[in-house]
Amino acid sequence: MTAAPSFDVRGEVALLTAALKGRADPSYEWGMRRTVPSQQPAHAVRVPEVRRVAAAWAREHRSLPAGAFTALAQALWDTGWREERLLAVYLLSRRKAVMETLPWDTIEAWAAGIDNWEHVDNLAGLTGRMLVTRPELIDRVMALAASDHVWKRRLAIVTLIEAARDDPAWLPHLRAVAEGLRGDRGPTMRKALDWARRAAKKVEAKGA
């Protein structure tokens, strides 16, 4: 991930972190921690506010190459903070060129360090679009589904939910993964499998 030579990644991370801290809502933290159990530090910023920060930054830097976005996203992710990681995903999701070039190894590395459903499900919004754009990634998604890491398994199935919503051609893969994970009894995966069934029905009904 190589940024433009004049692009100050560290400086941009500092500015974005300040923007996030400025949107912190202490009254939100208790509910956030209860809803999204996690060991990661957090500023207690609501998701719509994180999205607004991403949108504003992307608008102001629309001329930057995709490499600058990916370098910044990696630096944000590396902070380990909840909101910075969400921001990393939202920034990448705003650039079509990223869908075409972001290495899947980056996704694998990020997934390995996830400990909560919020990051998985938001990351799947990106990986689902990547899969639709680059169908050859299906083997990597299927490998996630076979992982010993519960959050990687969830990422696989939610990625396919997102892909199927965009293109019904992914429904057979979604069903196959859901069937293969049917014996996964943990609450994290039970909820994801129920979600997959509901999503498949909606996609089918829309195409009827």
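Let me start with a term. A residue counts as buried when its relative accessible area is under 20%. Keep that cut-off in mind for the rings.

One caution before we go on. What you see is a predicted model. The protein chain averages a pLDDT of 94, and 97% of the residues score at least 70. Confidence is highest in H1, at 98. The low end is helix H6, residues 96-101, with a mean of 90.

Now, Trp 57. Is Trp 57 buried or exposed? Its relative accessible area is 4%, so Trp 57 is buried.

Next, the aromatic pairs. How many does a search of the whole structure find? Three. I will show you two of them, both with Trp 57.

Take Phe 7 and Trp 57. These two rings form an edge-to-face pair. The centres are 6.2 Å apart, and the planes meet at 70°. Where do the partners sit? Phe 7 is in the segment before helix H1, which spans 9-21. Trp 57 belongs to helix H3, residues 47-60. The two parts are 50 residues apart in sequence, so this pair ties them together. And Phe 7 has 12% relative accessibility, so Phe 7 counts as buried too.

Stay on Trp 57 and turn to Phe 69. Again we have an edge-to-face pair. Here the distance is 5.2 Å centre to centre, with 75° between the planes. Trp 57 is in helix H3, and Phe 69 is in helix H4, residues 66-78. They are 12 residues apart, and the pair links distant parts of the chain. Both Trp 57 and Phe 69 are buried.

Put the pairs together. Phe 7, Trp 57 and Phe 69 are joined by ring pairs into a cluster.

Phe 69 has a charged partner as well. Which residue lies over the face of Phe 69? Arg 95, at 4.6 Å from the ring centre. A second arginine does something similar elsewhere. The charged end of Arg 51 sits over the ring of Tyr 90, 4.1 Å from the centre of that ring.

Last topic: helix packing. Look at H1 and helix H5, residues 82-93. Their axes come within 11 Å and cross at roughly 115°. That makes H1 roughly perpendicular to H5. The crossing of H1 and H5 is right-handed.

To recap, then. Trp 57 pairs with Phe 7. Trp 57 also pairs with Phe 69. Arg 95 lies over the face of Phe 69. Thank you.

Note on methods: Residues numbered from 1 in each chain as written. Predicted model: local features only at pLDDT ≥ 70, side-chain atom pairs only at ≥ 80, totals over all residues. Heavy atoms only, no water. Phe/Tyr/Trp six-rings, centres within 6.5 Å; stacked < 30°, edge-to-face > 60°. Helix = DSSP H or I, 4+ residues; strand = E, 2+ residues; numbered from the N terminus. Buried < 20%, exposed > 50% of the residue type's maximum accessible area, 1.4 Å probe, protein only. Lys NZ or Arg CZ within 6 Å of the ring centre and 35° of its normal. pLDDT = per-residue confidence, 0-100. Axes fitted to C-alpha atoms, helices over the stretch in contact; angles between N-to-C directions. Parallel < 35°, antiparallel > 145°, perpendicular 65-115°, else oblique. Left-handed = near helix turned anticlockwise from the far one by under 90°.
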